[in-house]
Amino acid sequence: MITEKRRRGDMGEDFAVEYLEKQGYEIIERNFNTRLGEIDIVAKDGRYIVFVEVKSRADDCLYAPREAVTRSKQQKICKAAMLYKIKKGLNGQPRFDIFEIIYGKYDLEVKKFSHIKNAFGTEAVRGFF
C-alpha cells in the first residue's frame, strides 16, 4: 500500500524530472540507493553532475521543504554522491541542488515550486571531492 506521503514524493520527483528535462538537463538516474544514503535525481548540466534532492510539502506546512535538508541529510547525500561517481566512473564537477514543491492541502495540485541550484556544497563532508 502506497502512503499519501510516498505518493506526493513520487509525484514531486516526476514533476522535478519533467522540469529539469525542459531546462536541458540530461537525467542520468533516479532513486539511487545505497547504505550511505539516497539520491533522488542524478542529472548532467553542462560540466556538472547534479545531485538533486526533491522535497514536497502541503501548502499548510509550517516550514519550507528545503529546511528538511539538514546538515545530516546533506552529509548523507554527499557520501552517496561520492559513491555514485566512483561506481559509475563519472568525472564531472559535482553540484548539489534542492527542488522543492508545495502542493495544495487537499489536492495534489502544484501551487509553487523552486529549483535551488548549488543549495549546499561538499563542505558537509570535507575531503571527499
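The buried residues of helix α2 pack against five strands: β1 (26-34), β2, β3, β4 (93-103) and β5 (110-120). Keep in mind that this is a predicted model. Below is a quick tour of that helix, the strands β3 and β4, and the largest pocket.

**Helix α2**
- The buried set in α2 is made up of Q74, I77, C78, A80, A81, M82, Y84 and K85.
- Several of those positions sit three or four places apart, as with Q74, I77 and C78. Residues with that spacing point the same way, because an α-helix has 3.6 residues a turn.
- α2 covers residues 71-88, and at 1.5 Å a residue its 18 residues should span 26 Å; the end C-alpha atoms are 25 Å apart, so the two values agree.
- Right after α2 comes G89, with a positive phi near 65 degrees.

**Strands β3 and β4**
- β3 and β4 run parallel, joined by eleven bridges.
- V50 stands opposite R95 in β4.
- β4 is largely enclosed by the rest of the structure, because ten of its eleven residues are buried.

**The largest pocket**
- Its volume is about 370 Å³.
- The lining takes two or more residues from each of α1 (4-22), β2 (37-45) and β3 (48-58).
- β3 gives the largest share of that lining, with six residues.
- There are 14 lining residues, and K5, G9, V54, K55 and R57 lie nearest the centre of the pocket.
- What is the lining made of: nonpolar, polar or charged residues? Ten are charged, with two polar and two nonpolar making up the rest.

Note on methods. Residues are numbered from 1 along each chain as its sequence is written. This is a predicted model: local features need pLDDT of at least 70, side-chain atom pairs count only at pLDDT 80 or more; totals for chains, interfaces and linings use all residues. Side-chain values use heavy atoms; hydrogens and water are left out. On a 1 Å grid over the protein atoms alone, a cavity is a set of points where a 1.4 Å probe fits but cannot get out, and a pocket is an open set with protein on both sides within 12 Å along at least five of seven lines; lining residues have an atom within 4 Å of a point. Grid points are joined across faces, edges and corners, and a volume is the space filled by probe spheres set on the points. Ala, Val, Leu, Ile, Met, Phe, Trp, Tyr, Cys and Pro count as nonpolar, Asp, Glu, Lys and Arg as charged, and the others, Gly among them, as polar. The expected span of a helix is 1.5 Å times one less than its number of residues. Buried means under 20% relative accessible area, exposed over 50%, partly exposed in between (1.4 Å probe, protein chains only). Contact means heavy atoms within 4.5 Å. Two strands pair if DSSP finds at least two bridges between them.
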